[in-house]
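Q: Here's a model I'd like to understand better. Please pick a single part of it and give me a close look, from its ends to what it packs against.

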Amino acid sequence: MKIICFVLGLLVTTTLAQAEDAAAIVSQYRRAHGLSAVRTDAQLTAVAERQARAMAKSGVMDHNVAGAFAARVADVPVGSAGENLAEGTKTWAETIQRWESSAGHNANLLLPDATHIGVAVAYSDQTHEAFRAMVIGRKVDKRLFQPTPFNPYPGVEMWW
């Protein structure tokens, strides 16, 4: 039992460390372009984890495999948000470098008012291929984020 707890603790620590590493790389890139750094966020990480797991399970890299992006971030108090996905990359550094070379992905990395980020990686059981997801956005005060039946995503601009 102690070994199982140790292994689970090690996996969680490794995952958190990788998320912090990815956030540091993105923050460094943003600062080089005159923008503010981003911090990891548990809610955005949960959205990224759900997406990465769904892609790994289906073996398909697709923005809608876990549902529409707007619906997946609906419960997260964000103003603007974007999502980047990758398949088959070995590291976060490699992944982010590829995104920097793609206009749409780069726009998400450089989302002007972004404050927080969530990242996740999941591996296909069949191919062991990595599926990565990053969600970046501007967190807003929950009091300002009051969905209504007529406006289920208040103030949200979606980029993907």
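A: Let's start where helix α2 stops: the helix is followed by G59, whose phi is positive, near 75°. Helices here are DSSP runs of H or I with at least four residues, strands are runs of E with at least two, and both are numbered from the N terminus. Keep in mind that this is a predicted model, where local features need pLDDT of at least 70 and side-chain atom pairs count only at pLDDT 80 or more, while totals for chains, interfaces and linings use all residues. Residues are numbered from 1 along each chain as its sequence is written, and side-chain values use heavy atoms, with hydrogens and water left out.

Now the length of α2. Its end C-alpha atoms sit 24 Å apart, and that agrees with the 24 Å its 17 residues should span at 1.5 Å a residue, because the expected span is 1.5 Å times one less than the number of residues.

At the start of α2, a side-chain oxygen of D41 comes to within 3.0 Å of the backbone nitrogen of Q43. D41 also takes part in a polar contact of 2.8 Å between its side chain and that of K139; a polar contact is a pair of N or O atoms within 3.5 Å, where within protein one must be able to donate a hydrogen and the other to accept it, and residues adjacent in sequence count only if both atoms are side-chain atoms. K139 belongs to strand β4. Setting aside residues up to four places away in sequence, K139 touches D41 and Q43, among others; contact means heavy atoms within 4.5 Å.

The backbone oxygen of D41 has a partner too: the side chain of T45 reaches it at 2.7 Å. T45 lies in α2, which covers residues 42-58. T45 counts as buried because its relative accessibility is 14%, and buried means under 20% relative accessible area, with exposed over 50% and partly exposed in between (1.4 Å probe, protein chains only). Beyond its neighbours within four places in sequence, T45 is in contact with I117, G118 and V119.

T45 has company: the buried residues of α2 also include L44, V47, A48, Q51 and A52, as well as A54, M55 and A56. As a rule, an α-helix has 3.6 residues a turn, so residues three or four places apart point the same way. The buried residues of α2 pack against α3 (69-72) and three strands: β2 (78-87), β3 (116-123) and β4 (130-139).
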